[in-house]
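I'm opening a fresh page for this one. Let me pull up the sequence and the fold and jot down what I look up.

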Amino acid sequence: MLSILFVIYEILIKMFLNIHLLSFTRNGYLTQASTFVMLERFRLSSKLLKKLVGHTRNVLSIDYSTFDNRHLLCSGSEDKTVCVWNLENNTQIRQFNGHSDFVYCVKFSPYHCNKYRRNVICSSSNDNTIRFWDIKSSRQLQVFKKHTFAVCGIEVSPFNGGRYLCSGSRDKTIRLWDVDTSKSLHVFNGHNWTVWCVDISPLQSNNKSGNDNDKSSHIGLIGGNGYTICSGSLDATIRIWDIETAKQLIVFKGHENNVRSVKYGSNKLKIIGGSNTILSGSADNSVRLWDIRSGRQIQAFNGHTNIVWAVEYSPLVVNNVDAGGSSAVICSGSWDSTIRFWDIRSNKNELYVVKRDYGQCDGVFCLKFVPLKKKVNNKRRELNSVNLCYGSSNYINVWG
């Protein structure tokens, strides 16, 4: 009898702990293992933390990376420069001046980091080139020159250690490059106007490591069998391409104007469909969510009053009574000088709006969520919080 009571007692204790943990997480005080932060907590505690000043014209693109325990941000601007910032002390540590025109997009290169232990930035420009910059030596490493007009968006592959890069151009094409050999491998033709933005589908569950020991990485010429490229164009369409064959798979039509930003979803996020979704922002002032499997639009989010330049799947979640649980939160930045947060499962009004400084009308061109470490009682402690960095006129704001 006592043994039975003891077993029941153990079960009740475990149930209590599980319920307590669930409540603990839902109220926004997430455990260290959790990767999500409640939007309400972010909304109530966030504010403008800092401005990174150094560019002299609009900041069009930013990217984030950690290297040698430093939290780094890189940025590209209409002032033709690429800058590197240390987020720990808010200082500019490098500036590259090799482009002769606007810098549209910047990315840290995981391939150089993985293979050579070098911290390298890739940038695309209105001067028709893609260039690679070594932060430590402050010199240019590579130049890609096959595009015949401006190179707008770029993205690195999640497989094979980031060895491949795709780019979209005003010449209406998308190219796939081998970063190791500097060769153009594929040209994707189909858009009838500028290809403004590109993305590559996220790392697949059967190819987690992305290294040479993974058998699936050897399937196909490139090692990207099953991966796709998504492109957004000024022709108002979004297109999906097979990365191995360069064949067009799907065309999404629904935006009424230029497509300025596209992003694949991820299975790591609390999103129905996960990596089978695409998020887009457009000059028709809307944010839209698409289902790759059905080839149809899932949701349209309306509220911006001008061009939506940037969209992001965020690490934030919100309680959704209608959905019977929590929903992922998506984020968008616009020429209307606002950043808006939306419930991915609902096309109702935005959840939260961050407004830029009054008197400024340059808009928000790019967004990036970065992990945040807070000091608690003068001690560094890792918390599940985030900063939101965004580029606007001639500076970068850090909100968190």
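**Notes on a strand and two cores**

I started with Pro 315, which sits in strand β23, residues 308-320 (strands are DSSP E runs of at least two residues, helices H or I runs of at least four, numbered from the N terminus). I'm working on a predicted model, where local features need pLDDT of at least 70, side-chain atom pairs count only at pLDDT 80 or more, and totals for chains, interfaces and linings use all residues. Numbering runs from 1 along each chain as its sequence is written, and side-chain values use heavy atoms, leaving out hydrogens and water.

Is Pro 315 buried or exposed? I put it down as buried because its relative accessibility is 17% (buried is under 20% relative accessible area, exposed over 50%, partly exposed in between, with a 1.4 Å probe and protein chains only). Ser 385 is 70 residues away from Pro 315 along the chain, yet I find 9.0 Å between their C-alpha atoms.

Next, the largest nonpolar core (buried Ala, Val, Leu, Ile, Met, Phe, Trp, Tyr and Cys joined through side-chain atoms within 4.5 Å). I see 22 residues there, and Ile 278 is one of those touching the most other members. β15, β17, β18 and β19 each give two or more residues to this core; β19 gives the most, three.

Separate from that core is another, of 19 residues, including Leu 316 and Trp 399.

Last, I checked UniProt: an unreviewed entry lists 225-251 among its "repeat: WD" stretches (annotations may be inferred rather than shown by experiment; names are shortened, positions use the numbering here). I get 59% strand and 0% helix over residues 225-251, with the end C-alpha atoms 20 Å apart.
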